[in-house]
Amino acid sequence: MQPLHTFSVGVAPDLVSLVSQFEKRGFCFVNLDFAKDRLSVLKTKLTTFFSTPNKALGSENVFLGYSSTTSKETLRFLAGHHREEDKHLLPYLNVDGFMDEWCNTIVRKLLKTHAVDIFGCSYESLGNDYDILLCQKEGPFSCGLVDVAYYLNNNPEKIHNKQKQETNNNNDNDEDVTNQNCTSHVDPGLISLSLFSTAPGLQLYDPEREEWIDAPVASKDEESFVGVLWCGDAAVKASGGRIKAAIHRVLYHDEPRLTVWYEAVHRSQIPESFLRVREVAAITSNNIGKEDKCGEVVKSFEANSSNSQDDGIFCIKIKTLTGRIIEVSVENDYTWYRVKQLIEEKEGIPPPKNRLIYRGQVLVDDKRICDNKVPSGGVVHMVLAL
Ligand SMILES: [Fe+2]
């Protein structure tokens, strides 16, 4: 896949190509070489940071700041708004304000200029109607989330059988979860920008070609930086289902992998305790994490869609992460949320953790089976939402 040309403040992206790729597969590669000097410094600083033993800086329950588990170490910040207790970590993350404000600025600029072209709704609507924090009025949480992950790839269950990995990598739609550091999922937010990965592992699914595509790797000589721009659930809702959410996963690799990405997050991704008074008026505990409001909008977009199924009970097939097929008895006017409840009865997966995908499109909870024209015997893919 050819990356789009330079994606920068003040430089219009190749919009036609970007929209087309978002509609087909929910992601595109972008050339970040214009920032390669800073990215290179950032990479060096973070590599030094993560290779320092016994950091003892946090615990695995911390939402922002540093955390570590047996499989990975992470740094997580709201871009531009750092907690007092985490500010001592900034020297590792902030390169001349690069990580602090650069990501906010570049993604905000893209959305302010092109929200209507890309999503079909205004920048303000992304903030007000779709709860994207970055697009809300200036305030302490009008920003995105920066995630830095250092995958240790030391899991004892890691499979080193390269033959098996190669077989599964590109042409097999079935999931070999034993080789996955992070199983297939879509993100809840609007849009993410991955700045770099230092080793292979991240893969994105191309529903059109039905294959997994490896994300670019920052070359050792640092001559080139190609990032990934991908869409989440909120992009599907904001675009009335026209744009796809990028299905992605992370495979184990033989060496540690350092990666940095920024996400224009949905409000539900930030714990309530971090949200502040000036935004309280816009928040009710009823709408956090639910899709009622978005579902209404999507429904109105689809009001004229016809019903492709006859009435009555029929079966659809749910393909699980391991490739196993579950049959679920449904009726045409069942919502996808109800289908998720039926799956929960069989598999124990709670609906909020479940994402259903049909022909590459994420199925919205409030939409009905007939809205998506899934026929009797139709195969719906199930992935986990993290
Ligand atoms: Fe993700």
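**Helix H10 and an open sheet**

Me: Which residues of H10 are buried?
Reply: In this predicted model, the buried residues of H10 are Trp 336, Tyr 337, Val 339, Lys 340 and Ile 343.

Me: Why are they on the same side of H10?
Reply: Because they cover an arc of only 150° around the axis, these residues fall on the same side of H10.

Me: And what covers them?
Reply: The cover over the buried residues of H10 includes four strands: E12 (313–319), E13 (325–331), E14 (354–358) and E16 (379–384).

Me: How many residues does H10 have, and what is its reach?
Reply: H10 has twelve residues, 336–347. From the first C-alpha to the last, H10 reaches 16 Å, close to the 16 Å expected at 1.5 Å a residue.

Me: What follows H10?
Reply: Gly 348 comes after H10, and its phi is positive, near 80°.

Me: Now the open sheet. What is the strand order?
Reply: The open sheet has seven strands in the order E1-E9-E6-E11-E4-E3-E2, and the pairing is antiparallel.

Me: Which strands are at the edges?
Reply: Strand E1 (27–31) and strand E2 (65–68) are the edge strands, and each pairs on one side only.

Me: What is the turn between neighbours?
Reply: On average, neighbouring strands of this sheet are turned by 20° against each other, direction ignored.

Me: Back to E6 and E9: how many bridges?
Reply: Strand E6 (residues 191–197) and strand E9 (residues 226–231) pair over four bridges, in the antiparallel sense.

Me: Which residue in E9 stands opposite Ser 194?
Reply: Val 228 in E9 stands opposite Ser 194.

Notes:
Residues numbered from 1 in each chain as written. Predicted model: local features only at pLDDT ≥ 70, side-chain atom pairs only at ≥ 80, totals over all residues. Pairing = 2+ DSSP bridges. Helix = DSSP H or I, 4+ residues; strand = E, 2+ residues; numbered from the N terminus. Axes fitted to C-alpha atoms, helices over the stretch in contact; angles between N-to-C directions. Expected span 1.5 Å × (residues − 1). Buried ≥ 20, exposed ≤ 12 C-beta atoms within 10 Å, placed from the backbone. Arc of directions from axis to C-beta. Contact = placed C-beta atoms within 7 Å.
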